[in-house]
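Colleague: I'm new to this one, so could you walk me through it?
Modeller: Sure, let's put it on the screen and take your questions one at a time.

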Amino acid sequence: MNSWWMIFGMLAATLLIRASFLVFGQRLAFPDWLNRALHYVPAAVLSALVVPMALAPAGRIDLSLGNAYLIGTLVAIAVAWKNGKTLLAIVVSFIVYGLLRWL
C-alpha cells in the first residue's frame, strides 16, 4: 500500500510543477541572469545524454575507430558545426553509424 502513496505523491508533485507554468506562465518573470543561464540548458542536457553513450557504449571507455557511436557523434558535430542544420547532422550521423555497424 505504501507504493501507491508514493506513486500518487509523485503524480501530484509532477502535476503541480507542470501546471504552475500554465497558471502563472505570463506573470512569472525571471531575472536576466537566469534567462541567460537557462539558454544553455538544452545543450547541457543533450551533452549529458549523448557523451556517456558515445564514449562508453559497453560500460567502459572506447576511443577506437571500432566505436560506431563515437564516430557517428563526431560526424554529427562536424556537420552541425559546418552547416548549422540539425536535421542534416542527425541524418548524416545515422547513415555513418549504420554503415559502420553494417560493415
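**Questions about the model**

Leaving out residues up to four places away in sequence, Leu88 touches Val79 and Asn83. Keep in mind that this is a predicted model.

Colleague: Is Leu88 buried, partly exposed or exposed?
Modeller: Leu88 sits in helix α5. Its relative accessibility is 35%. Buried means under 20% and exposed means over 50%, so Leu88 at 35% counts as partly exposed.

Colleague: How far apart in space are Leu88 and Gln26, C-alpha to C-alpha?
Modeller: Along the sequence, 62 residues separate Leu88 and Gln26. In space, going from C-alpha to C-alpha, the distance is 35 Å.

Colleague: Which helix gives the most to the nonpolar patch?
Modeller: The patch is on the surface, and its members include Ile17, Phe21, Leu38 and Leu49. Together the patch residues have about 1,100 Å² of accessible area. Two helices, α1 (2–24) and α3 (41–55), each supply at least two residues. With five residues, the one that gives the most is α1.

Colleague: Is Ile17 from that patch buried or exposed?
Modeller: Ile17 lies in helix α1. The cut-off for exposed is over 50%, and Ile17 has 55% relative accessibility, so it counts as exposed.

Colleague: How many aromatic pairs are there, and what is the angle between the planes of Tyr69 and Tyr97?
Modeller: The count comes to two aromatic pairs. Tyr69 and Tyr97 form a tilted pair, with 5.2 Å from centre to centre and planes at 40°.

Colleague: Which helices does that pair link?
Modeller: The pair links distant parts of the chain, since its residues are 28 apart. At 29% relative accessibility Tyr69 counts as partly exposed, and so does Tyr97 at 23%. Tyr69 is in α4 (residues 68–83), and Tyr97 is in α5 (residues 86–102).

Colleague: Is Asn67 buried or exposed?
Modeller: Asn67 is found in the loop between α3 and α4. Leaving out residues up to four places away in sequence, Asn67 touches Ala54, Leu55, Pro57 and Asp62. Its relative accessibility is 2%. Because buried means under 20%, Asn67 counts as buried.

Colleague: How far is the backbone nitrogen of Tyr69 from a polar atom of the side chain of Asn67?
Modeller: This brings back Tyr69, the α4 partner in the aromatic pair. The gap from its backbone nitrogen to a polar side-chain atom of Asn67 is 3.1 Å.

Technical notes: Residues are numbered from 1 along each chain as its sequence is written. This is a predicted model: local features need pLDDT of at least 70, side-chain atom pairs count only at pLDDT 80 or more; totals for chains, interfaces and linings use all residues. Side-chain values use heavy atoms; hydrogens and water are left out. Patches are made of residues with over 30% relative accessible area and no salt bridge: like charges are joined within 9 Å, nonpolar side chains (Val, Leu, Ile, Met, Phe, Trp, Tyr) within 5 Å. Accessible areas come from the Shrake-Rupley method with a 1.4 Å probe; for residues, only the protein chains shown count as cover. A salt bridge is a side-chain nitrogen of Lys or Arg within 4 Å of a carboxyl oxygen of Asp or Glu. Helices (H or I, at least four residues) and strands (E, at least two) are DSSP runs, numbered from the N terminus. Buried means under 20% relative accessible area, exposed over 50%, partly exposed in between (1.4 Å probe, protein chains only). Rings of Phe, Tyr and Trp (its six-membered ring) pair if their centres lie within 6.5 Å; planes under 30 degrees apart count as stacked, over 60 as edge-to-face and the rest as tilted. A polar contact is a pair of N or O atoms within 3.5 Å; within protein, one must be able to donate a hydrogen and the other to accept it, and residues adjacent in sequence count only if both atoms are side-chain atoms. Contact means heavy atoms within 4.5 Å.
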